[in-house]
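Work through the exercises below with the sequence and the model at hand. Try each task before reading its solution.

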Amino acid sequence: MPVNKEPYQWSRHAVHAVKYNFVWCLKRRAKVLKNEIANRLEQVLFDVADEHDWEIGSLAIRPDHVHLFVQADTRHAPYQVIHRFKEKSAHVLRKEFDQLHRLPSLWTRSYFVSTTGKVSEEIVGRYIEDQS
């Protein structure tokens with residue numbers, strides 16, 4: 001799947017490079033993200049990204065959890081971004097794969113998120129100090 005290598009995204013009033021590293025797990029750490037389920041999950045995650053004009057930088061689907069590095073936009077808070085990925089993927093996967101109905105829900109409510117960008121904290125700190 002194509003990945004945009006541009007460091008910045010432009011909108012009408014903002015230029016940004018908001019990138020999130022997300023990790024989330026299956027309920028009960030069930031090891032079901034394999035073969036056709038993992039392949040379908042990948043398609044769904046890229047569909048969600050395309051729908052919102054987000055760029056997936058990298059994706060690793062493990063049997064019981066997902067790592068996703070995505071460049072989003074400034075209109076969506078991190079909790080909204082992860083919610084859209086988890087909500088859509090849970091709906092589609094549970095609809096298409098009967099074996100997933102054994103789980104009370106597909107994903108846990110928890111997730112990990114960190115941000116990253118092209119500039120380090122040290123450089124930003126020096127830039128701000130130089131503005132005085």
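**Exercise 1. Count the aromatic pairs and classify two of them.**

Step 1. Rings of Phe, Tyr and Trp (its six-membered ring) pair if their centres lie within 6.5 Å; planes under 30 degrees apart count as stacked, over 60 as edge-to-face and the rest as tilted. By this rule there are 4 aromatic pairs.

Step 2. Take Tyr 20 and Phe 22. Their ring centres are 5.5 Å apart and their planes stand at 40°, so the pair is tilted. Tyr 20 and Phe 22 are both buried (buried means under 20% relative accessible area, exposed over 50%, partly exposed in between; 1.4 Å probe, protein chains only).

Step 3. Take Trp 54 and Phe 85. The centres are 5.5 Å apart and the planes at 50°, so this pair is tilted. The pair links distant parts of the chain, 31 residues apart: Trp 54 sits in the loop between helix 1 (35–51) and strand 4 (55–61), Phe 85 in helix 2. Helices (H or I, at least four residues) and strands (E, at least two) are DSSP runs, numbered from the N terminus.

Step 4. Check burial. Trp 54 has 2% relative accessibility, so it counts as buried. Phe 85 has 0%, so it is buried.

The model is predicted: local features need pLDDT of at least 70, side-chain atom pairs count only at pLDDT 80 or more, and totals for chains, interfaces and linings use all residues. Residues are numbered from 1 along each chain as its sequence is written, and side-chain values use heavy atoms, with hydrogens and water left out.

**Exercise 2. Which residues form one aromatic cluster with Tyr 20?**

Phe 22 and Tyr 111 join Tyr 20 in one cluster.

**Exercise 3. Describe the surroundings of His 76 and Arg 75.**

Step 1. Locate them. His 76 is in the loop between strand 5 (65–71) and helix 2 (78–96). Arg 75 lies in the loop between strand 5 and helix 2.

Step 2. Compare accessibility. His 76 counts as buried because its relative accessibility is 13%. Arg 75 is exposed because its relative accessible area is 62%.

Step 3. Find polar contacts (pairs of N or O atoms within 3.5 Å; within protein, one must be able to donate a hydrogen and the other to accept it, and residues adjacent in sequence count only if both atoms are side-chain atoms). The His 76 side chain makes one with the side chain of Asp 73, at 2.8 Å. The side chains of Arg 75 and Asp 73 are joined by one of 2.9 Å.

Step 4. List contacts (heavy atoms within 4.5 Å), leaving aside neighbours within four places in sequence. His 76 touches Tyr 20, Trp 54, Val 81 and Arg 84. Arg 75 touches His 52 and Gln 80.

Technical notes: Contact = heavy atoms within 4.5 Å.
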